Structure formats: C-alpha cells, structure tokens
Amino acid sequence: MQPMNPDPARAIEAVAAGLADAGYIATRQIATAVYLGRQLQKPILVEGPAGVGKTELAKAAAQFLALPLIRMQCYEGLDESKALYEWKYGKQLLYTQILKDTLRASFDESAGLDAAMAKLRSFDELFFSEQFLEPRPLLRALQAPDGAVLLIDEVDKSDEEFEAFLLELLSDFAVTIPELGTIAAAVPPLVILTSNNTRDLGDALKRRCLHLYIGFPDPRLEQRIVDVRVPGVGGRLRAQLVAFVQQLRKLELKKLPSVSETIDWARVLLLLNVEELDPDVVRETLGVLLKFEDDMTAVTNQAASFVIKARDASVSG
Amino acid sequence: MELPLLGFLQTARRAGIRISAAESLDAFRAVETIGLTDRAALKDVLGLVVAKSREEKALFEECFELYFTRAQLGDADAAAAARADADGSPARNASLADMLRENDRAGLTLALEGAGRRIGAAGIRFRVQANMYVQQIMQEMGLAELTREIERLRAAGDDAAADELEHARDRLRAGVRDYVERYLALAAPAENVWRDENLKTVPLWRLDRNDVERMRAIVRALAKKLATRYGRDRRHRRHGHLDVRRTLRRNTAYDGVPFSTAWKKRKLEKPRVVALCDVSGSVAPVAQFLLLFLHSLADALSDVRSFAFSSHLIDVSDVLARETVESAIAEIVKQIGFRSSDYGRSLADFKDGFMDEVDRRTSVIVMGDARSNYSNPRAEIVKALYARAKLVIWLNPESRPSWGTGDSEMLRYLPYCHIARECANVRDLERTMAELLTRGT
C-alpha cells in the first residue's frame, strides 16, 4: 500500500490533474474514485450510459499512473480459458510427438513398471509447467511486475458464472490454477470494471467494488472535454455545439447523444470549417449525433429552434 | 467519528440501501483515508462505497442531505457540543421548565435527541405515527412535570409566567415535530418498498391512477428479470461435450493425434410466442396492463408476435416494436379498444390470416375473459391451435368460479388449453410467465 497521504484533498486534486494531463477531464467524484481505488485497493465498478467515457477513464488512469493497461473485453460465453489462462495444447502435443523417440529410449532403459511410472510422473510435471501456460489478460495483470491497470470492459455482457469466477480475483487479487496452485499478485493492479447495465450485476460483485456512476456531463464540463479532445474548435462554436447537444438530451430519443458523439461532431464541424452553427449544417451532420432514423426525423423538424437557443445560450453563458 | 457514521449507515439501511457488514467496514476505512473535515469529499466517498446502483445513489443523496443537515433547536456549535455530550451520558439535571425559561437551546437539543433515542424515534415508518411519536418524545422530555409547573404558576396567580411557559412549550412541540418529520422523510423510501410488494397482489382492475406509474415500473422490472433468467437458461444449454467423431475426422491429417478438437454444440431452440390480447370493454381496466406486459415481453424475448382483438383481430407487433409503451397502448386502444368482444370472429381472423405463424415450437398466450356476447365461440379454432402449438396458455382476469357464467365461454375453451390460469394481479402474471419461460419453451 502507498504511504498514507497527509492531505487527501490535495491528493484527489493531483489525481484529477494527472487524468487531465492524460486527456481525461474528471469530475471530483471520478478523481475521488480513482484515489480511493488505489488507497483501499478496491476495484472500481463504473456504470453509466454508453459513450460517457467509462473505458476512457481506464486508459487515462493507466497513462497517469504510468502502468500498462491490460484490457479484457467481456462477451457472452467468455470463460476461464479465454480470460485467465490456457494450456498450450498444441505445443504440448507437438513436444510429445517430437520427443517420442527420446522418451521411448529413456523408458526402455528404466527397469520395471514402477521406475517407468516414476519417470512418467516427472514428465507430467514438465508438461504442465509455466512454459506451456498461455497467460490471458487476468493472469497477465497479476503477473505484471510493477502492477497494472486492468480494464474489465462491459462485465454485464459476460455470463453469471464468469462473474462469480471474478470474485476471487477482485477480493484477493489472486487466482487458483489447479495444476500450479494459487498465483497472487506481486503488486495489486488497479481494476476498473465497466457496465452498461444490460443486466443487473450480482450483489456479491457489487459489494466488492466501489461503485461510480458517470452520467452526462454538465455544459461547462462538456465544453472542457471538447476543448481538450478537439483543440481546434473555436470558443464560440464549442459553446454552441455543447448547448445544442445538451438540448437534445432533454428530448425523448431512442439513443441520447453521448460525450463521444459530441466529440465526433466537433471533429466533423472542424473538418467542414464551420465557425458557427446554422440549421443547414446541423441537418447535414445530424447523422453523427443520432443513430436512429426516427430520432433524426424528430430532431430535424426542431433543428432551427434548437440552433437559435444554442446561440443564445453561448452568448449568455 | 464512529457514531455519526454508524448512525448514518443505519439510517441509509432503513431507507432501503443494502449495506453489508463488509461495506460498513469499507466505509470506515474510506472515511479514515479522507477525513471528516470536507463535507463534499465525505459525500463523494460514502457515495462510492455505500450506494451500488443508480436508484441507491438517489436514495443515498437524499439520506446524506437529511442526515448530515439535521436542523437543530439551537445554533450549530451549541448543538454539536450537545451531541458530543449526548453520546456520553445524558446528564439531565435541569428540569424542562428551567431549560425553557432560560432558553437553553443546547440543553433542549440534548434532551430531545436523548428522548428520541430512548423511545426509538428512528423506527418511525408511516405518517400516521407522527403524532404518537411527538407525544411520546414530549412525555419522555418531562411534559407531565412541565404541565404541573404551569398549573402551579396559574394557581399562584402568575399568569404572565404561565403564558410564557405555555408558548415555550408550543415552540418546543413544533421543534419535536420537525425532528420526527425528518426521521419520517428518511423512512419514506422504505415505505415505497412495502407498497410495491402490496401492489403486486392488488387486483389489476382496482388500481387507482396513482398506482399506475409504480405498477408500470414493477411490470418493466419483472419483464427484465424474466429476460435475464431466461437468457441464462438458454446459455446453459449451449455447453457441450467433446465430439469424438468430428475430432477424429478432423485430425486424420495428423495421424489421428488430436491437435484440434471439436465440441458438440446443442442446438438452441428459440422460443416463439404468439400472444393474443383482449382489449374489449369488459376487460378495459386490465387491458392496459396486459398490453404493457405484452410490450415488455416483446422487449425481453426475441420472437414475439402480438395481436389485439375485441370485435375483430389486428396484428400489433409492429406498433409495439415501433412505439414507446404509452403511445403504443394509446394507438392500439384507439384502433380497436373498448368495443364489445367477439371471440369467434377474432379467432376466425387469426385462423385466416396468421395460422401459419403457429407451429410445434410456438407457445400461444391468450389474455382475456372469454366473454363473447353470446356469439359463436368457435372453440374448434382453439382446438386446432392446441393440436398445432407447443403450448396454449390462457390467462383470464376473472376468478375461476365465474368462468362459464353468463356469456363466458371459458369452459368451452378450457379443454384445449395446456395451462389456464386466473390472472388477476401482477404476482399471478409473474408466476405464469416464469413457468412459461423455464418449462414451456
């Protein structure tokens, strides 16, 4: 564990500043979560709508802490052999095939069945050693010499069995491999799990984690994010496009535009050399913000009034 | 430090946030790291450790504000000092009358908190209990003694002093009421949980407008739960054993040494559901819940064909898929709702247009009261469905004894249903659907 910082408030600010250097504008709450995750050595479960920067947070944290980022994408049917380790079956087989003759020769020498058995047993150990072990993300994160940032992405997509399997890793930072024993982390990694809440996660998992909810940012924060991610956009356009997106989020849409969409849109507007929002530009580029036909039609009709409001907001704000 | 935090955790628990012992320990460790000086930081930290879902975050927000901003009878410093004393031994030397006379706010706060703790004011659940709690706290603080004191002053002819004391007593009562109200506010979310459980058993047609919103939330949660559970069952069936034949065939090139292995995969059977929902006048109060459920079901399962009928039958799958719940229900009701039902005609419509939808893998769910206004019930169509489909399930909002009375044709349809249930409340719905998903499809 790190030495206790005498002034936690300053330490949290330092985390926020570090994340900002890595290109991630964090709220106080997010910075506090990263700080606490390090201090208490607890995994952080991040929930929130798609595209608010859950995955980005892990990347920025890795950059800030100067640790390697190890990412594991979860999906239905993910199991231990894909997540933790696998025996290099082909290699094991290849070695036995190549060494067949040598093995036979050495067995021929040994007198009696018992001796041969003893010999066989020693080979057995040989074939189930780390040499033939293919480490997958979770094991790699535990074995990283200086620690790592382990991102377990979209954990809600995985099966419940896999979630249960994660529990040992998350509470003890250790995993058990039947043939080798328990492998514990030299330096506990900072674990960040993300979830889009397609299903409810188990209580056991939640209990072991700090729970961070990242929602849509307020206008000021979003402007700062756009400023950092798309530096070429002028101040006025930035204020306008953020105000526009913020208005869209108040509508009843199938998929609300998220921060990532705002950034994409800012990039597009920059490429088109737009200096100020106007209804035509908005209509032409709406596809970047909205992903459903129905949403597009709903917004197109109101685009003009939104643009006017966005301009007003950018002037007064 | 321990006591306020412990108190907060208890309050949060009562408000409906689940906090395990391990999480309490985490909270203490976290607060140790962060200190108690910065209120915003404290809130951030506790929010991270204690509240583990979006709903819980909202509850937490409320609890935190209520708990750490408890208005005091006196100014904050005195109250804080009083609280510190109160945690030790409640030294109640001064009488209530003296304290009121001297306007000893710190002392009064201390006495109030002490009394509140002794009678367990934090246990309050419902608004109707508030008066009782106020009275009990007043008694505990020495109301009887105070009343005697006032009477004594009156007897002695010192009306001014008596009046003054009476005013002070009324002010105190108002303060005590505030104190109780705060605990009541903290308990409110717990009351909701209790109401939700109750709502599940209330007959659908007896719900009032206020309940409808909560009911919708419950039904939606139910459908989500079913979908999760159902998905798990399907995944379980996918795991297979080593396929020896295919493995050997694949590895003949390697002299039969099994370099690449092949695994048996069991075929997934997607359930197909065909749902027919009665939206006629006789089931009007229930119809919108059945439609709501149908909508949620269409979200949860991949292959649902939905139909609504009253005097005749229409396909509503597209409407349900396209629109939001509210507009879909409104749309369907506008198109076909509240007419007098004709089961025979509606079934014939189904037979003519959509019988091909039903095969041996299909489950057919009919939701309706089977009251057909004495028209030909065409039970033979249900019989044909029974022969074709995997399951025919009839959910009837009427209670079993009234099946077959009047114009109800339920008893004629009954022989051709694999499952026929009364479905008067959400719990019935829940039970039947769980059965359908695990066993039926």
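Reader: How do you know whether His211(A) is buried or exposed?

Author: Its relative accessible area is 0%. Buried means under 20%, exposed means over 50%, and partly exposed lies in between, using a 1.4 Å probe and protein chains only. The value of 0% falls under the 20% limit, so His211(A) is buried. One note on the source: this is a predicted model, where local features need pLDDT of at least 70 and side-chain atom pairs count only at pLDDT 80 or more, while totals for chains, interfaces and linings use all residues. Residues are numbered from 1 along each chain as its sequence is written, chains are lettered from A and ligands numbered from 1 in the order in which they are written, and side-chain values use heavy atoms, leaving out hydrogens and water.

Reader: Where does His211(A) lie in chain A, and what does His211(A) contact?

Author: His211(A) sits in strand 9, residues 210-213. Strands (E, at least two residues) and helices (H or I, at least four) are DSSP runs numbered from the N terminus. Beyond neighbours within four places in sequence, His211(A) is in contact (heavy atoms within 4.5 Å) with residues including Leu45(A), Glu47(A), Leu48(B) and Lys57(B).

Reader: What makes the pairing of the His211(A) and Glu47(A) side chains a polar contact?

Author: A polar contact is a pair of N or O atoms within 3.5 Å; within protein, one must be able to donate a hydrogen and the other to accept it, and residues adjacent in sequence count only if both atoms are side-chain atoms. The two side chains come to 2.7 Å, which is within 3.5 Å, so the pair qualifies.

Reader: How many disulfides does the structure hold?

Author: Zero, over all chains. A disulfide here is a pair of cysteine sulfur atoms within 2.5 Å. As for individual cysteines, Cys74(A) is buried because its relative accessibility is 2%, and Cys423(B) is buried with a relative accessible area of 2%.

Reader: What is notable about phi of Gln41(A)?

Author: Gln41(A) is not a glycine, yet has a positive phi of about 55°. Most residues other than glycine have a negative phi. Gln41(A) is in the loop between helix 2 (28-40) and strand 1 (44-47) of chain A. Its relative accessible area of 32% makes Gln41(A) partly exposed. Ala66(A) also has a positive phi, near 55°. Its loop runs between helix 3 (54-65) and strand 2 (69-73) of chain A. Ala66(A) counts as exposed because its relative accessibility is 66%.

Reader: How many cavities of 30 Å³ or more are there, and what volume has the largest cavity?

Author: There are three, and the largest has a volume of about 70 Å³. On a 1 Å grid over the protein atoms alone, a cavity is a set of points where a 1.4 Å probe fits but cannot get out, and lining residues have an atom within 4 Å of a point. Among the lining residues are Phe309(B), Tyr343(B), Ser346(B) and Trp394(B). Helix 16 of chain B gives the most, with three residues.

Reader: What classes of residue line the largest cavity?

Author: Nine are nonpolar, one is polar and none is charged. Ala, Val, Leu, Ile, Met, Phe, Trp, Tyr, Cys and Pro count as nonpolar, Asp, Glu, Lys and Arg as charged, and the others, Gly among them, as polar.

Technical notes
1 Å grid on protein atoms, 1.4 Å probe; cavity = no way out; pocket = protein on both sides within 12 Å on 5 of 7 lines; lining within 4 Å. Points joined across faces, edges and corners; volume = space filled by probe spheres on them.
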